[in-house]
Amino acid sequence: MSSSHINAATPVPSFADLGVPSELIKILEQRRITVPLPVQIVTFGEAVAGKDLAARAPTGSGKTLAFGLPMISRLSHDKMRSPTGLILAPTRELAAQISNELSPLAVARNLRVQSFYGGVGFSAQLRSLRKGTDIAVACPGRLEDLMRSGRIQLGGVKMVVVDEADRMADMGFLPAVRGILDAIKEDHQTLLFSATLDNDVKVIMDSYQHNPTYYEIDLDDESKRRITHQFHIVEQAERTALCAKLISAQSSTVVFVRTKHGADRLAKQLSHQGINAAAIHGDLTQNQRERALTAFRKGTVQTLVATDVAARGVHVDDVGCVIHYDLPENAKSYLHRSGRTARAGAKGTVVALVTPKQRAMAKNIKSTLKLNAEFIGDFPSRKPTRKRDALFVSATPRAQLPGTPK
Ligand code: ADP
Ligand code: MG
């Protein structure tokens, strides 16, 4: 396994320099995407040449186009119009997003993209299979269903992408992913993308990739500086009021809570305070979730109150602020939640609300991630002090999670 690094001193090539077909470049330009991002630069050549590769790159670094562009450039449709490309994604929202982002590009090359996920009926997905689907973007569970019932043929698949491989592992999808990869014939190309790389992910690389090139892309210092991290110390009962105040100062905010019930309750409480908020969690139907996301994207809803699972992989442009209303379970989750803001070089603020009891937990997250964030307000000593409105302090995350390979 070889590895490759890119840094600020590397001259930036254009999409044309990389060999991206001109009809795709035209569509990218309509979306004002004109300069390739690092992960796209380093992976395009090998991916389009059919080589296996694995890339660890942070959230928001442009991984979708890093696998989407070479896939669309390289594949053609087979006679049966059964899939020649397969993208595996851990959540419905992510599958839908990938499919939406890649569809117009694929159409320009006469390829059809369709997403396959549970929670919605089979009929539209089956209709699209009958019509012909060249690139399938699928969640493992629904894909297994379709495979078992013989309604999708993967015999012609030449290129497979495992996106958010770390999430797949977290969500317990690795056995399903392995089953799917086992069922596709041996000589396909496999690309693997992940925000973190730990043993579960390495197992997939070892079992299914041939001599993969391994790429590691870190945020350069400039984009790191774009995120401001704040830890606010606040009494349990005062979190909602502080949250409302923080949201009012932002254009759009994603608030993370621990439970579905908590999400509903907080969305309601915020609405009472005049903030347009919608909850998004696993008890909502797929339709309800999509409606909330669309309203948020359009700006009719300013705040999304989300549970972790519901928010995984969700991409919305211009999220100005992420609030950890309930502290995340661990540093990894903090990183993933916080990745909803400051995507693709934009600016963002991340605020964690820390109750006095959560002091140790918060300090642990801060030190694990080597965040330069200061605590705002004091932890109460015996005599409680109230300094909650002290100045915000900005910070730079100095490192990725420890333990990821260098
Ligand atoms: P990741 O999968 O790494 O979390 P995404 O692929 O979702 O990140 O990309 C994040 C955002 O950046 C998307 O809105 C995407 O359209 C945008 N983007 C991707 N590539 C570029 C680029 N070369 N220039 C500008 N924006 C880009
Ligand atoms: Mg992604």
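# Reading sheets, helices and rings

User: In which sense do β11 and β12 pair, and over how many bridges?

Analyst: β11 and β12 run in the parallel sense, and four bridges join them. As a general idea, the strands of a sheet pair through backbone hydrogen bonds, either parallel or antiparallel. Here, two strands count as paired if DSSP finds at least two bridges between them. The strands themselves are DSSP runs of E with at least two residues, while helices are runs of H or I with at least four, and both are numbered from the N terminus. In this pair, A279 stands opposite V305 of β12.

User: Before going on, what should I know about the model and its numbering?

Analyst: This is a predicted model, in which local features need pLDDT of at least 70 and side-chain atom pairs count only at pLDDT 80 or more, while totals for chains, interfaces and linings use all residues. Residues are numbered from 1 along each chain as its sequence is written, chains are lettered from A and ligands numbered from 1 in the order written, and side-chain values use heavy atoms, leaving out hydrogens and water.

User: Thanks! How many helices and strands are there in the protein, and what share of the residues is buried?

Analyst: The protein has 17 helices and 15 strands. Of its 406 residues, 55% are buried, where buried means under 20% relative accessible area, exposed over 50%, and partly exposed in between (1.4 Å probe, protein chains only). For contacts, the cut-off is heavy atoms within 4.5 Å. Among contacts with a separation of 6 or more, 75% are between residues 24 or more positions apart.

User: Back to the sheet: in what order do its seven strands come?

Analyst: The order is β11-β12-β10-β13-β14-β9-β15, in an open sheet with parallel pairing. Its edges are β11 (277-280) and β15 (375-376), each of which pairs on one side only. Now look at β10 (residues 253-256). Four parallel bridges join β10 to β12 (residues 303-306), with V255 of β10 bridged to V305. Four more parallel bridges are found between β10 and β13 (residues 321-324), where V254 has V322 as its partner.

User: Are the faces of β10 covered or open?

Analyst: Both faces are covered: T253 and V255 are buried on one side, V254 and F256 on the other. Strand β8 (residues 213-216) can be read in a similar way: T213 and Y215 point one way, Y214 and E216 the other, and all are buried. β8 pairs with β2 (residues 53-56) in the parallel sense over four bridges, and L53 stands opposite T213.

User: Now helices. Which residues of α7 are buried?

Analyst: First the general idea: an α-helix has 3.6 residues a turn, so residues three or four places apart point the same way. In α7 (residues 140-148), the buried residues are P140, R142, L143 and L146. They sit on the same side of α7, because their arc around the axis is only 165°; that arc is taken from the directions from the helix axis to the C-beta atoms. Their packing partners include β3 (85-88), β4 (113-116) and α6 (123-131). After α7 comes G150, with a positive phi near 70°.

User: And which residues of α6 are buried?

Analyst: Q125, L126, S128 and L129 are. Their arc is 160° seen down the axis, so they line one face of α6, and they pack against β4 and α7. On the other side, R130 and K131 are exposed. Just after α6, G132 has a positive phi of about 120°.

User: How many aromatic pairs are found in the whole structure?

Analyst: Three. Rings of Phe, Tyr and Trp (its six-membered ring) pair if their centres lie within 6.5 Å; planes under 30 degrees apart are stacked, over 60 edge-to-face, and the rest tilted. F231 and Y334 are stacked, 6.0 Å centre to centre with 15° between the planes. F231 belongs to β9 (residues 227-233) and Y334 to α16 (residues 331-338), so the pair ties together parts 103 residues apart in sequence. Ring pairs link both of them with F375 into a cluster.

User: What sits over the ring of F375?

Analyst: The charged end of K363 does, 5.9 Å from the ring centre. The rule is NZ of Lys or CZ of Arg within 6 Å of the ring centre and within 35 degrees of the ring normal. F375 itself lies in β15. Another such case is R142 over the face of F122, at 3.8 Å from the ring centre.
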